[in-house]
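Trainee: I should like to examine one part of this protein closely, with attention to how its helices and strands are placed against one another. Would you take me through it step by step?

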Amino acid sequence: MFAAERRQLILEMVRANGAVSLRELARVVQTSEVTVRRDVRALEAEGLLDRRHGGAVLPGGFTRESGFPQKSHLSSAEKTAIADVAAGLVGEGEAIVVGAGTTTQELARRLARVPGLTVVTNSLLVAQALAHANRVEVVMTGGTLRGSNYALVGSGAEQSLQGLRVSRAFLSGSGLTAERGLSTSNMLSASVDRALVQAAAEVVVLADHTKLGADTMFQTVPTELVTRLVTDEPPLHDERAAAEIQALADQGVEITLAGGDADSGVSGGSGVSGPEGVPPGGRQRREMPLPGQRRTQNGGLGQQLRSAAVMADPGPERARVADLRRR
């Protein structure tokens, strides 16, 4: 297949589905992911689509929302790492709310092991993931089913959340910026997410780095209401995501970076705790500069985020976690 033919087919697939993974594109056009990545880069230069980590999407953040089948293939490794870390924030006997999304679905699969947990959700996928968890109680909202993401929305869902109070809300979305907070492309979904936020004492946003800096139509959670962001560490070339993480930290959002091999470590940093300073569980922590103390050397903001803070968890998932806290 000639390059022009491949690119036309790639463009048609993205237009039809909203978002397609590089792996799926390579399978359909019968070529390598390296070649597909080059084609996607060329199409992006023409303004015909936008690249995302592991795939391609329609151009512009205010257009069309991808359906669940497309979203589930994008940044799957990052979502898994984020879910692993987020699950560690939930304790035995807690009551939480979990919104709809592919990342929250991954979280729900891990929450099945938390005894005495109560999960309130408007997501059929979250409920399905917890359906056979004997020690977890699942409470579904009412509402109208939205087939594209298997979520219950509308006035019925919002009314069923009135008077509810839980410790935390775990939410995802289509985009997150320091200026506007969490947003989504669908008005009904945004309205239910706002109701979930009102029921929680703390709000934890789960968003991989491809969503950082993206701003979509309907605001769900303003930045001042976001307690913590759990995301993956942006690639070295992704300056937008790195800058957004720093801007969110400047506004007091606690940032947790998940993913990567615990053996890989990071370069630089200061205040590394020695063996005597390793807390229970074997984690090592490096203190990072205060949010707002931006460096002008050693690679700028992207390098600062990588040389700032690390918590290495030697557990089976071998996740790397870094906390940025406003002091």
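Mentor: The following account begins with the whole model, then looks closely at the part around helix H2 (residues 22-29), and afterwards turns to other parts for comparison of arrangement.

The model is a predicted one. The protein has 11 helices and 17 strands. It consists of 327 residues, of which 51% count as buried. Among contacts with a separation of 6 or more, 65% are between residues 24 or more positions apart.

Let us start with the sheet beside H2. Strands of a sheet pair through backbone hydrogen bonds, either parallel or antiparallel. Here the sheet is open, has three strands in the order S1-S3-S2, and its pairing is antiparallel. Strand S1 (19-21) and strand S2 (50-52) are the edge strands; each has a single partner strand, so one side of each is left without a neighbour in the sheet. On average, and with direction ignored, neighbouring strands of this sheet are turned by 25° against each other.

The pairing of S1 with strand S3 (residues 55-57) is antiparallel and extends over three bridges. To find one position within this pairing, look for Ser-21: its bridge partner in S3 is Gly-55. Helix H2 lies across S1 and S3 and runs at about 80° to S1.

H2 also packs against a helix. Two packed helices are described by the angle between their axes and the distance between the axes. For H2 and helix H3 (residues 33-45), the angle is about 105° and the axes are 9 Å apart. An angle of 65 to 115 degrees counts as roughly perpendicular, and H2 and H3 are therefore roughly perpendicular to each other. On the side of H2, the contact is made by Leu-22, Arg-23, Leu-25, Ala-26 and Val-29, while H3 contributes Glu-33, Val-36, Arg-37 and Val-40. By class, the residues of the contact of H2 with H3 are six nonpolar, no polar and three charged.

One residue of helix H1 (residues 3-17) can be related to this part. Met-13 lies in H1 and has a relative accessibility of 12%, so it counts as buried. In sequence Met-13 is 15 residues apart from Val-28, and in space the two are 9.3 Å apart, C-alpha to C-alpha.

A second pair of helices may be read in the manner just used. The axes of helix H5 (residues 76-87) and helix H6 (residues 102-111) come within 8 Å and cross at roughly 50°. That angle makes H5 oblique to H6. The crossing of H5 and H6 is right-handed. The residues of H5 in this contact are Lys-79, Thr-80, Ile-82, Ala-83, Asp-84, Ala-86 and Ala-87, and those of H6 are Thr-102, Thr-103, Glu-106, Leu-107, Arg-110 and Leu-111. The contact of H5 with H6 divides by class into six nonpolar, three polar and four charged residues.

Parallel pairing can be seen elsewhere in the model: strand S4 (residues 95-98) and S5 pair in the parallel sense over four bridges. Val-98 stands opposite Thr-121 in S5. Strand S5 (residues 117-121) is mostly covered, with four of its five residues buried.

Another open sheet of three strands has the order S10-S11-S13, and its pairing is antiparallel. Its edge strands are strand S10 (175-177) and strand S13 (218-221), each of which pairs on one side only. From one strand to the next, the twist averages 35°. Strand S11 (residues 181-184) and S13 run antiparallel and are joined by three bridges. Within S11 and S13, Ser-183 stands opposite Gln-219. Helix H9 (residues 187-198) lies across S11 and S13 and runs at about 20° to S13.

Finally, consider a residue in a loop. Asp-238 is found between strand S14 (228-232) and helix H10 (239-250). Its relative accessible area is 17%, and Asp-238 is therefore buried. Asp-238 and Leu-212 are 26 residues apart in sequence, and their C-alpha atoms are 10.0 Å apart in space.

Terms used
Residues are numbered from 1 along each chain as its sequence is written. This is a predicted model: local features need pLDDT of at least 70, side-chain atom pairs count only at pLDDT 80 or more; totals for chains, interfaces and linings use all residues. Side-chain values use heavy atoms; hydrogens and water are left out. Helices (H or I, at least four residues) and strands (E, at least two) are DSSP runs, numbered from the N terminus. Buried means under 20% relative accessible area, exposed over 50%, partly exposed in between (1.4 Å probe, protein chains only). Two strands pair if DSSP finds at least two bridges between them. Axes are lines fitted to C-alpha atoms, for helices over the stretch in contact, and angles run from 0 to 180 degrees between N-to-C directions. Contact means heavy atoms within 4.5 Å. Angles under 35 degrees count as roughly parallel, over 145 as roughly antiparallel, 65 to 115 as roughly perpendicular and the rest as oblique. A crossing is left-handed if the near helix is turned anticlockwise from the far one by less than a right angle, and right-handed if clockwise. Ala, Val, Leu, Ile, Met, Phe, Trp, Tyr, Cys and Pro count as nonpolar, Asp, Glu, Lys and Arg as charged, and the others, Gly among them, as polar.
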